Structures are given as C-alpha cells and as structure tokens.
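Trainee: Please take a close look at one part of this model, the second largest cavity, and at the helix packing that goes with it. What lines the cavity, and which helices supply the lining?

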Amino acid sequence: MAASVADQGISALTNIVVLVVAARLSSAAGFAVFSMVYMVFTVLLGIGVSYVGQALVLERGTDRVRAACRSAAAFTALASTVVGLGMAAGFGLAAHGGTARGLAVLGLVLPVVLTQDGLRYCFSALRLPHYALAGDAVRLLVAVPALAVQPHGAGPERLVAVWGLSALPALLVAWALLRRRVRGAPLDVRRYVRRGHLGRRFVVEFGVGNATSQLAVVGLGLFAAPLAVGALRGATTLFGPMNVLFNSATAFGPPLLNRVRGAAAKVRATVVLACALAAVAAAWTLVLMVLPARAGRQLLGETWESSSALLAASGSQYAAVALGTSALLTLRVLKPKATLPIQVVFSLASVGCMLAGYRVDGVYGAAWGLCAGSVLKAAALWRQIAVLRRRPAPEEEAPDDASGGGQAHGAVTAGSSGGPG
C-alpha cells in the first residue's frame, strides 16, 4: 500500500510540475495551447486506462495475470501507435493553428507516454507496485530537467515534444523490469477487441464521469475562449495534491471498507472520510488564497493572474468532489451498479452548468458552474445511499465477475473518480 500511494504521489507530482514548468516558460497564450494538448492527452490516457488497465487489475491466477500483462502491454503499444500516427497525419495536414500543431506533435509521442503509463497497471496486477514506483521516479527525474532547460518563450509544440520524449527512459526501465516477469507467457492482443471485454464498461463510466467535463473544457477553448482553458487548467494544477488524496482513497478505500461489518458502519466510515477530505480541501484553498502574488507567479507565470481569481470556485468544487468521492466509495461497496446512471445524468448536468456559467460570467462563471455540477452529483450519490439504507436489510452486492471465472472482490481501480469530473 505504501509503494502504491508513493507511486500515485510521484505520478501526480510529475503532472503538477510539468504544468508548472510549462506555465513559467510560456506566455499565457502558449500555456493555453499546451493545456489544450495536455487535456486531450489526459482524456486519451483515461480511455486507455479504463479499457486496458482497469480490466487488467481484476485478473486472478499467476499464469493468467502474466499472460494478461504481456498482452496488455503489447495492445497498448499497438493501439497508441495507430491512434498517434492518425493524429499526427490528420492534424499535421490541417495545422493552421498552434493547437493543431501541438496535437500533431502529441500524436508522434503518444505511443511512448501511453505505453509507459500503461505498464504501471501491469505492475499493479503483478503485485509489484515498487517497480511502477521506480519507473515513475525515472519519469520525474528526466521530465522536469528536460523541460526546465528549455528557453523562456518556447513554443507549445516544442514543450509537448520534450515532455513526450522524456518518458522514453522510464518506458525502457519499466519494460526491462516487466519483461523478466512475463517472458514466455502467452500473447493474445485480440482479447481486447473481442465482444464482452470488460474494459468497454469502464470506458463508458469514465466517459460520462470524467471525460465529459474535460472535453467540454476543450470545446470551450476551441470554439469560445482558449485563454479560459489555461486559467481553468492552472487552477486545477494548484489543487493537484487533492487529486492524489482522491485517487488514493478510490484505490484503497473499498478493500478497507469491506473489512467493516454492516452497511450502517460502512456509511459512518465514509461520512468521516468525506468530512476529512472536505476539510483538507478547504484548508488547502485558504493556503492558496493567502499565497503572495509573487510566489503565485513563480508557480504559474503569467497564468497566475487568471487562475488565482478562480480559487474560491475551484476550492468549493474540490470540497464537493471530496463529498462525492466518499459517496462513490460507499456505493461501490454497497451497490456497484447504482453509480453509472448517476454518473451519466449529473456529468451531463455539470457540463451544462459550466457552459451556462460561462455564458453568464465568462471563465469565472464557468468555474462556479463546474462547482455547481459537482455539488449536484455529490447530493445525488448521497441521496442514493440514503435510499439504500432505508430498505429493509439489503444484501450487499458483490462486484461484477471480472472475466466469467472468479469474483473480483473489492476491486476498484485507482483514478476512477479522482479529481473534478
């Protein structure tokens, strides 16, 4: 557990530092483009993790896990290459703006960054999280200096290329560690395109729960105000430590809750967790709000001015996400199938709130709209918990069968609900 939490923290720290360094090196307009490209990568990464990684960690049996890990690594490399080359060709031919050129460069480095991150789930399935930690530590130690030595005013295309290629040493280290464990295991990449693959269900939940709001922000930048993306992304970066806590709670909360006897006791435990996470979010917001402007500009450069104006809204949103994450954990243990309908309805409602807020008061209104959407989703999740508790002696629902063979007891993947969505 310690190695897994440390790896989650190293991965989140890398994302935070990359965005901070890019913001300091770029103009506000350049960082807006970089943020757009990085958000597209985040969506593609979430899809890959949902389709491959989340199904992978549910595998049982030493031989099956070894075969699944080898197949997952091969499929991730192959699929990311196909998608990446398509992006490079498509956006390269239509490169009439900085965002298109940045996305074309992202396509070229996509196989490296997606495969490197995908190997983390192989180590998770093999119960070797310290190997994932080693790979991500190399990623951090290479990526930050590589970006830091770039000249001030470097274009977003250059920063995307340097960021992507800096993952190559970590990929090589992780593959060398994995190869020793999966050598000789059967290879079957077609398992990921067969009908009934469990990853398809996880992609749907990711799409409605996380990617919808991110794609809405991307659309906001493409069709309305690119600078708004930089401001929102900058504010989100400042709350990166909260995402580490949310992802850690999502990863390790369900197994711990399964040790608690009785539905009422489980709910009480998650209420305490919700209050604790919300209190941390409020405290972190206060720290950021009293941060001197000089220190803020050292963190985000020119983007600090626009992002700092959103701290109250973003902090309120993260407090609401803390309540929603805790409620989601409760439902995952008590009734896993109850989460998807709520994710669909209230993720779309969150997008609507964001767009309505932008129409009323620009990027400031959009930030408060995202907050309103998170509040509504948290309220709906806790209302569902209250409905379940009123039912007479309900039996706790076991998680879905992972592959038709054994039950995936307490299996919830990291990152499924972390961060605002």
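Mentor: What follows goes from the cavity to the helix contacts, and ends with one further helix pair.

The model is predicted. A search of the whole structure finds 2 cavities of 30 Å³ or more, and the second largest holds about 30 Å³ of space. Its lining consists of Q116, R120, F123, Y131, A132, G135, D136 and A174. By class, these residues are 4 nonpolar, 2 polar and 2 charged.

Two helices, α4 (98–125) and α5 (129–148), each supply at least two residues of this lining. The largest share comes from α5, with 4 residues.

Take α4 next, together with α7. Helix α7 covers residues 168–182, and its axis lies 9 Å from that of α4, at an angle of about 35°. The crossing of these two helices is left-handed. On the α4 side the contact is made by V112, T115, Q116, L119, C122 and F123, and on the α7 side by L168, A170, L171, A174, W175, L177 and L178. This contact has 11 nonpolar and 2 polar residues, and no charged ones. Q116, F123 and A174 belong to this contact and also to the cavity lining.

Now α5, with its partner α1. Helix α1 spans residues 2–25; its axis and that of α5 come within 9 Å and cross at roughly 10°. Angles under 35 degrees count as roughly parallel, and α1 and α5 are therefore roughly parallel to each other. From α1, the contact takes in A3, S4, A6, D7, I10, S11, L13, T14, V17, V18, V21 and L25; from α5, it takes in P129, H130, A132, L133, D136, A137, R139, L140, V144, L147 and A148. Sorted by class, the residues of this contact are 16 nonpolar, 4 polar and 3 charged. A132 and D136 of α5 are in contact with α1 and also line the cavity.

Last, a helix pair from further along the chain. Helix α11 (residues 263–289) packs on helix α14 (residues 311–334) at an angle of about 165°, with the axes 9 Å apart. Angles over 145 count as roughly antiparallel, so α11 and α14 are roughly antiparallel to each other. Their crossing is right-handed. The α11 residues in the contact are A263, K266, V267, T270, L273, A274, L277, A278, A281, T285, L288 and M289. They meet L311, A312, G315, Y318, A319, A322, L323, S326, L329, T330, V333 and L334 of α14. The contact of α11 with α14 has 18 nonpolar, 5 polar and 1 charged residues.

Terms used: Residues are numbered from 1 along each chain as its sequence is written. This is a predicted model: local features need pLDDT of at least 70, side-chain atom pairs count only at pLDDT 80 or more; totals for chains, interfaces and linings use all residues. Side-chain values use heavy atoms; hydrogens and water are left out. On a 1 Å grid over the protein atoms alone, a cavity is a set of points where a 1.4 Å probe fits but cannot get out, and a pocket is an open set with protein on both sides within 12 Å along at least five of seven lines; lining residues have an atom within 4 Å of a point. Grid points are joined across faces, edges and corners, and a volume is the space filled by probe spheres set on the points. Ala, Val, Leu, Ile, Met, Phe, Trp, Tyr, Cys and Pro count as nonpolar, Asp, Glu, Lys and Arg as charged, and the others, Gly among them, as polar. Axes are lines fitted to C-alpha atoms, for helices over the stretch in contact, and angles run from 0 to 180 degrees between N-to-C directions. A crossing is left-handed if the near helix is turned anticlockwise from the far one by less than a right angle, and right-handed if clockwise. Contact means heavy atoms within 4.5 Å. Angles under 35 degrees count as roughly parallel, over 145 as roughly antiparallel, 65 to 115 as roughly perpendicular and the rest as oblique.
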